[in-house]
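Q: Please take a close look at a single part of this model, the way its first chain is divided into domains, and then tell me what else goes with that picture.

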Amino acid sequence: MLPLYLRILLVLGALLSLAMVGQQVKKNKILIEDAVFWVVLAAVLVIMALFPGLVMSLAYYLGFMSASNFVYLVVIALLLWKVFTNSGEISRLKAKVNELAQEIALAHKDHPDRR
Amino acid sequence: MRILAIIPAYNEEACLENTVEQLTSACPEIDYLIVNDGSRDATERIIAERHFNGVNLPVNTGLTSAFRLGMKYALRNGYDAAVQFDADGQHLPEYIPIMAHTLSEHSANIVIASRYLDGSAKPTGARGVGQRLITLLIKLTTGCSIADPTGGMRMYNKEMIRLFATSFDAAPEPDMVALIARKYGGVLEIPAKMQERQGGSSYFDIINVLKYMARTCLSILMMRVLK
């Protein structure tokens, strides 16, 4: 079992990340629809810190050598997926920005006085 | 046959005037459109002062986007063919009528002005190696022999104008030429010569050549599997 101070640290860290996400939403730094992922992730971290037994028995049940390996694997996979979907979103944003720039250029050609 | 020469221009103040003058004097029957891709130099001023036919992108968006803008213009103004024409004076306008003739004669989709078709010039150096590799890859993945897939002077027919103007991911690059050769066919070449660039600086130093070639080869393979 985890030592008590480590558990407290984990809970505090998870709560802190949850608070930071909330703060960013409040300050209009991130859309709610995009923050959902991070809120859920932070909430899961809090739960994992409060009840480490859950993760440990799951890891043991799945046959992992240690719970930390299991947690690392899941977190890395999750983050990789997130980065990939971000990449796709940036691609689509690029395409949209270019599209808009092209349309602005064509519109100005037709109506040069609108500049 | 109405032909539009699309001239993407990014910081091309040094040679744009000469290029356009050569084009209009050699091929007065051809329309052209300069796409100023958010240049920071005098390109926009030159277009305005000389009353060239041009459009100005408000920000720099890259060659692919600038070319797509030209294709949109061609589509909306009902052109039958569009030709990629470099602003730096590398491309010789004399070939445009020959390309147009080949395009309609063989109802081709793309006609490339090919530097290596007649064997008088050989691709050399790092670019030469990459060039041959790309030609080989296109041969293997599509069965088409394209001597000069990286040649930048390409003419497109109406169907290709629509394709480029409307797709999400269509770049005027060898990988797209390979895709078109496989899916639509009708990619032809005519023998041509190119000039040294007349001003400005080339984007292609050795690192960029390697990057470009690696990216293009991978892209050809990916397109073969995915598209």
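A: Domain bounds, as the word is used here, come from an automatic or database domain assignment. For chain A of this predicted model, that assignment gives domain 1, covering residues 1–50, and domain 2, covering residues 67–115. The centres of domain 1 of chain A and domain 2 of chain A, taken over C-alpha atoms, are separated by 26 Å.

How far the coordinates can be trusted is a fair thing to ask next. Chain A has an average pLDDT of 90, and 96% of the residues score at least 70. Among the elements of chain A, the lowest mean pLDDT, 88, belongs to helix α1 (residues 4–26), whereas the highest, 94, belongs to helix α4 (residues 67–110).

A closer look at the loop between α1 and α2 (32–50) of chain A brings us to A:N28, which is placed there. A:N28 has a positive phi, near 60 degrees, in a residue other than glycine, and this deserves notice because most residues other than glycine have a negative phi. A:N28 counts as exposed because it has 7 C-beta neighbours inside 10 Å, and the cut-off for exposed is 12 or fewer.

Chain A also meets a partner, since nine residues of chain A are in contact with 12 residues of chain B. On the side of chain B that touches chain A, β3 (54–56) and α3 (63–76) of chain B are the elements that give two or more residues, and the largest share, five residues, comes from α3(B). Sorted by class, that side of chain B has seven nonpolar, three polar and two charged residues.

Terms used. Residues numbered from 1 in each chain as written. Chains lettered and ligands numbered in written order. Predicted model: local features only at pLDDT ≥ 70, side-chain atom pairs only at ≥ 80, totals over all residues. Contact = placed C-beta atoms within 7 Å. Helix = DSSP H or I, 4+ residues; strand = E, 2+ residues; numbered from the N terminus. Nonpolar A, V, L, I, M, F, W, Y, C, P; charged D, E, K, R; others polar. pLDDT = per-residue confidence, 0-100. Buried ≥ 20, exposed ≤ 12 C-beta atoms within 10 Å, placed from the backbone.
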